[in-house]
Amino acid sequence: MSRVKKVKSWLTAVLISSLVLAGCASEPNSSEVEAGDEGNGEGQTGGTLNIAVLSDATHLDPHHGADIPSANVYHGKIFETLVTQDQDMEIQPGLAQEWERVDDLTWTFTLREDVTFHDGTPFTADAVKSTLERVLDPEVGSTRASLFEMITDIEVVSDYEVKIVTEYPFSPLLSNLAHYSGGIISPEAIEADYNGTPLTDNPIGTGPLTFESWTPGQQIVLSNNEDHWGGGMKVDEVVFKVVPEDLTRLAEVETGESHIAEPVGTGDINRIEESPSMNLYRSDGLGIDYIGFNMNKEPFDDVRVRQAINLAIDNEAIVDHVYNGVGLKAEGPMGPAVWGYHPELEGYDQNIEEAKKLLAEAGYENGFDTTIWTNDNRERMDVTEVVQSQLAEVGINVSIEVLEWGAYLDKTGSGEHDMFILGWSNMTGDADYNQYYLFHSDTHGDAGNRSYYHNEEVDRLIDEGRQESDPDKRLALYHEAQEIEVEEAPLVLIRHTEYVAAIGNGVEGFWLHPSRIMMLDDVTLQ
């Protein structure tokens, strides 16, 4: 579709400038340090790796965790998957050494034979079967069951071979098995969970780290698994420290109290680069940052209102100034790094007059009052302030509410919101993970579609895309779905993500997966 180029408002420019100045006010002037420097000494094994994070985990059960702060604690650390994805999103062996797609519906996996769970139980095909059966069990109520709902049979062929049969051809199966909810769980821990000991309190996997303790709101401690089939971590212990304030997280790294701060505010990039005690880490991501509407509530059930809000918001200015140029302005739901990207989509540029016209047509010539929710993330709070200012230009009066992360997920998952700001990190790199969870009517609420968007044609296209084996035909289906989604505007698509972290001097071997999972296996401390 064609969009008229944006018209910048003086008020918005003033507000954005004030936010940028506020973000830079505390930046020290010091000698420049090149981003990505890894310190001046050789890394050594041992020691405690302290990581300052914004939010606490909400769950250590991979079948119930639905957020990055939780997945960062257990994915690839406590729990391991049959297959993994490398930095280029290519499938690599995990707990499965080999696999074969026997036919359109049947896959076989040959498992590693030298793996033991943290509780001493041998890893075998029975554990794969019990894990997949648990995530599909309606009594468990996993929000990620839909990743595996196409599986109709899990057959233990031998101790180290398992066969998986799907109801229909499902090309992204390997990508889904690499997802954190595919982490293989100790059968004894699963049995204990069914008998009243929650897995989130007793997370037992095969990973290079074992669970030690969780002090909610403060920290989670994991210890090196020296019996790990891969040799375990190079550090003795990993501590995830909850530090909600951005500047405090940076101060932790500057003073050496923490080794890594993630995430960090994009407004603090200069401070990190100029610091003699820490370095900047940047990497492209697979996610999308967006503002969502609750389409079960008026006036957001009217497409003209949603389009008007899209036209009233200047996303390019938000990316340039609030995010300090980190990330790419979104034209569609998926960025260039995601398989299924639609390069010809044209999103919404700011057009105040057209926005006012659409609001008048919808019966809101004088605007309306509404509320936008955010969690306590500084960039998101800054975005909501800019959006508040921009929507005021078309008569929409926005109140901002800041919620604690767990409450934020609970309340948006149950549909209590009007508008909200959030991100979706594509954990598989495949279009299905973006399309199914953000736009399919089967995933309303906690599963991902917090806008409660429902379009039967989009559902059909997504369903067909999941089942289509021909890559070209799959691509065409996803392109058509995205065109409808952009036109119907259930979301304000802000930017395709880029991740930034602060790394202390002497920390080597750290990297962020494109899905935003911290990769710690090779981390050493000077």
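Y452 counts as buried because its relative accessible area is 12%, where buried means under 20%, exposed means over 50% and partly exposed covers what lies in between (1.4 Å probe, protein chains only). The model is a predicted one, in which local features need pLDDT of at least 70 and side-chain atom pairs count only at pLDDT 80 or more, whereas totals for chains, interfaces and linings use all residues. Residues are numbered from 1 along each chain as its sequence is written, and side-chain values use heavy atoms, with hydrogens and water left out.

**Backbone features in loops**

Y452 sits in the loop between α13 and α14; helices (H or I, at least four residues) and strands (E, at least two) are DSSP runs, numbered from the N terminus. Although Y452 is not a glycine, its phi is positive, at about 60°. M89 likewise has a positive phi without being a glycine, and the table sets out these two residues.

| Residue | Phi | Loop | Relative accessibility |
|---|---|---|---|
| M89 | near 65° | between β2 (83–85) and β3 (91–93) | 17%, buried |
| Y452 | about 60° | between α13 and α14 | 12%, buried |

Two peptide bonds that lead into prolines are cis. One joins E262 and P263, with omega about 0°, and P263 belongs to the loop between β11 (260–262) and α7 (269–274). The other runs from E298 to P299, with omega near 0°, and P299 is placed in the loop between β12 and α8 (303–312).

**The sheet around β7**

Which order do the four strands of the open sheet take? The order is β4-β5-β7-β6, with antiparallel pairing, two strands being taken to pair if DSSP finds at least two bridges between them. The edges are formed by β4 (96–101) and β6, each of which pairs on one side only. On average, neighbouring strands of this sheet are turned by 20° against each other, direction ignored; here axes are lines fitted to C-alpha atoms, for helices over the stretch in contact, and angles run from 0 to 180 degrees between N-to-C directions.

Strand β7 (residues 161–166) has pairing partners in β5 and in β6. With β5 (residues 106–111) it pairs in the antiparallel sense over five bridges, and W107 stands opposite I164. With β6 (residues 151–158), which also runs antiparallel to β7, there are six bridges; V162 is the bridge partner of V156, and D153 stands opposite V165. The side chains of β7 alternate, so that V162, I164 and T166 point to one face and are buried, while E161, K163 and V165 point to the other face and are not buried.

β6 and β7 form a hairpin with two residues between them, and D159 is found in this loop. D159 counts as partly exposed because its relative accessibility is 47%. When neighbours within four places in sequence are left aside, D159 is in contact (heavy atoms within 4.5 Å) with L111, T124 and A125. Helix α3 (residues 125–136) lies across β5, β6 and β7 and runs at about 165° to β6. By contrast with these contacts, L250 is 91 residues from D159 in sequence and 48 Å from D159 in space, C-alpha to C-alpha.

**Helix α13 and its surroundings**

Is α13 mostly covered or mostly uncovered? Helix α13 (residues 431–439) is mostly covered, with nine of its nine residues buried, among them Y433, Y436, Y437 and L438. The elements that cover these residues include α4 (173–177), β12 (278–293), β16 (419–424), α14 (456–467), α15 and β17 (491–504). At the start of α13, a side-chain oxygen of D430 comes within 2.9 Å of the backbone nitrogen of D432.

The axes of α13 and α15 (residues 471–488) come within 11 Å and cross at roughly 35°. The contact is made by A431, D432, Q435 and F439 on the α13 side and by R474, Y478, A481, Q482 and E485 on the α15 side. These contact residues divide into four nonpolar, two polar and three charged, where Ala, Val, Leu, Ile, Met, Phe, Trp, Tyr, Cys and Pro count as nonpolar, Asp, Glu, Lys and Arg as charged, and the others, Gly among them, as polar. The crossing of α13 and α15 is left-handed, a term used if the near helix is turned anticlockwise from the far one by less than a right angle, with right-handed used if it is turned clockwise.

Note on methods
Polar contact = N/O pair within 3.5 Å; in protein donor to acceptor, adjacent residues only side chain to side chain.
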